[in-house]
Amino acid sequence: MAVNGNNISTTNRHPHNRNKGANPSPNLRPNLRLVAWEVTRNCNLSCIHCRASSTKGPYSGELDTMASFRLLDQIAEVGSPIVILTGGEPLLRQDIFKIAKYGTDKGLKMVMAPNGTLITKKYAAKMADSGIKRISISLDGATKKSHDSFRGVNGAFESAIRGINLVKEAGIEFQINTTITKTNIDQIPKIQELAIKLGAVAHHIFLLVPTGRGKYIVDQEISADEYERTLNWFYDQREKTPLQLKATCAPHYYRILRQRAKKEGKSVSFKTHGLDAVTRGCLGGTGFCFISHTGVVQPCGFLHLNCGDITLTSFADIWNNSDIFLSLRDFDKLKGKCGRCEYKKVCGGCRARAYEATGDYLGEEPLCSYQPGSGSISTTGRQ
């Protein structure tokens, strides 16, 4: 797990992200659990919701192989998080398996987020050999027509299914990710059924964050009430499916989980609710961060705030001392009803949606119908 921040060098600190007060309180330096690293912004698809507006590129400033190794060295100095090799399309990097193997040898838990269309039998074997523990592949429709429309390329669905079968044959576990919009909200149960049929170990749902190309489909964003109903439905699946379920970019789920458990007379613990009991909604800057293809560190891929540049400043210094990260870890700084909410420590609202809506990353989450102090929620109209 993460080492104590006092044992980490803080030389060459980025002047715009320096903590100008006393040494941060230990509770502002939580364990680094997840790092999503955009190893490339190049992509062979043109997904309508893409946060990075990725295309075939090329993009300048991408970290080369040696810079990538140095980054992994620095991450390993902070802890042993899961490192998500994402993009763009990570398989478009010729050195991707060298990078994965290097991270594995450093003791990091390496996973990958390809779109599935470029996976071959050879690539699947290289994933296994380099120590990739899991991959995630997005299915945003239960049928070829719906998925291909979402992904912007004909044949994307069939190619993703083929890729899934190849990694399964190579002995690598996989999860299905689904971004929920108005166009596919009615298909979520069928996508979950497909995930089970394919042999996935998990299904992660993502609620659209209107950044990148996602801004241009903001009219497809579901409403706060639809959001609430969908997350209640998702909660109901916990004991109905063999899949591990996780709601991402949907922090309200962790409020709903506790409200529903209370209503059912259940306690929330690791034994009863697994990892959902020991995590929180928005992890941006608290247990998770994103690193761009050029080395800029952000709270998450959707929240475009420069917290430091690993080509100028050590990753440990950025993680431990960025003013933005320290603010995100102080839940008392949340504003509006998020700041007043009794669930702010387990939810926190989506900081990226707040930023897009208000220009303030500590502002009120715009897609939340819950009023602080109103007690248990209604579950009528559940999917």
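Which helices each supply at least two residues of the lining of the largest cavity? In this predicted model, they are α8 (252-263) and α12 (336-340).

## Largest cavity

A search of the whole structure identifies three cavities of 30 Å³ or more. The volume of the largest cavity is about 100 Å³. Its lining comprises 14 residues, of which K337, C338, C341, C347 and C368 are the closest to the centre of the cavity. By residue class, the lining of the largest cavity contains seven nonpolar, three polar and four charged residues.

## Second largest cavity

The second largest cavity encloses about 60 Å³ of space. Its lining consists of R280, C282, G284, T286, L328, F331, L334, G348, G349, R351 and L362. Five of these lining residues are nonpolar, four are polar and two are charged.

## Nonpolar cores

In soluble globular proteins, nonpolar side chains tend to be buried together. Here, the largest nonpolar core has 94 residues. Within this core, L85, M127, I135 and F315 have the most contacts. Leaving aside residues up to four places away in sequence, M127 touches L91, F97, M112, P114, I119, I132, I135, V167 and I172. I135 is thus named both as a contact of M127 and among the residues with the most contacts inside the largest core.

Apart from the largest core lies another core, of five residues, including C341, Y343, V346 and C368. Of these, C341 and C368 also belong to the residues closest to the centre of the largest cavity.

Definitions and conventions: Residues are numbered from 1 along each chain as its sequence is written. This is a predicted model: local features need pLDDT of at least 70, side-chain atom pairs count only at pLDDT 80 or more; totals for chains, interfaces and linings use all residues. Side-chain values use heavy atoms; hydrogens and water are left out. On a 1 Å grid over the protein atoms alone, a cavity is a set of points where a 1.4 Å probe fits but cannot get out, and a pocket is an open set with protein on both sides within 12 Å along at least five of seven lines; lining residues have an atom within 4 Å of a point. Grid points are joined across faces, edges and corners, and a volume is the space filled by probe spheres set on the points. Helices (H or I, at least four residues) and strands (E, at least two) are DSSP runs, numbered from the N terminus. Ala, Val, Leu, Ile, Met, Phe, Trp, Tyr, Cys and Pro count as nonpolar, Asp, Glu, Lys and Arg as charged, and the others, Gly among them, as polar. A nonpolar core is a set of buried Ala, Val, Leu, Ile, Met, Phe, Trp, Tyr and Cys residues joined through side-chain atoms within 4.5 Å. Buried means under 20% relative accessible area, exposed over 50%, partly exposed in between (1.4 Å probe, protein chains only). Contact means heavy atoms within 4.5 Å.
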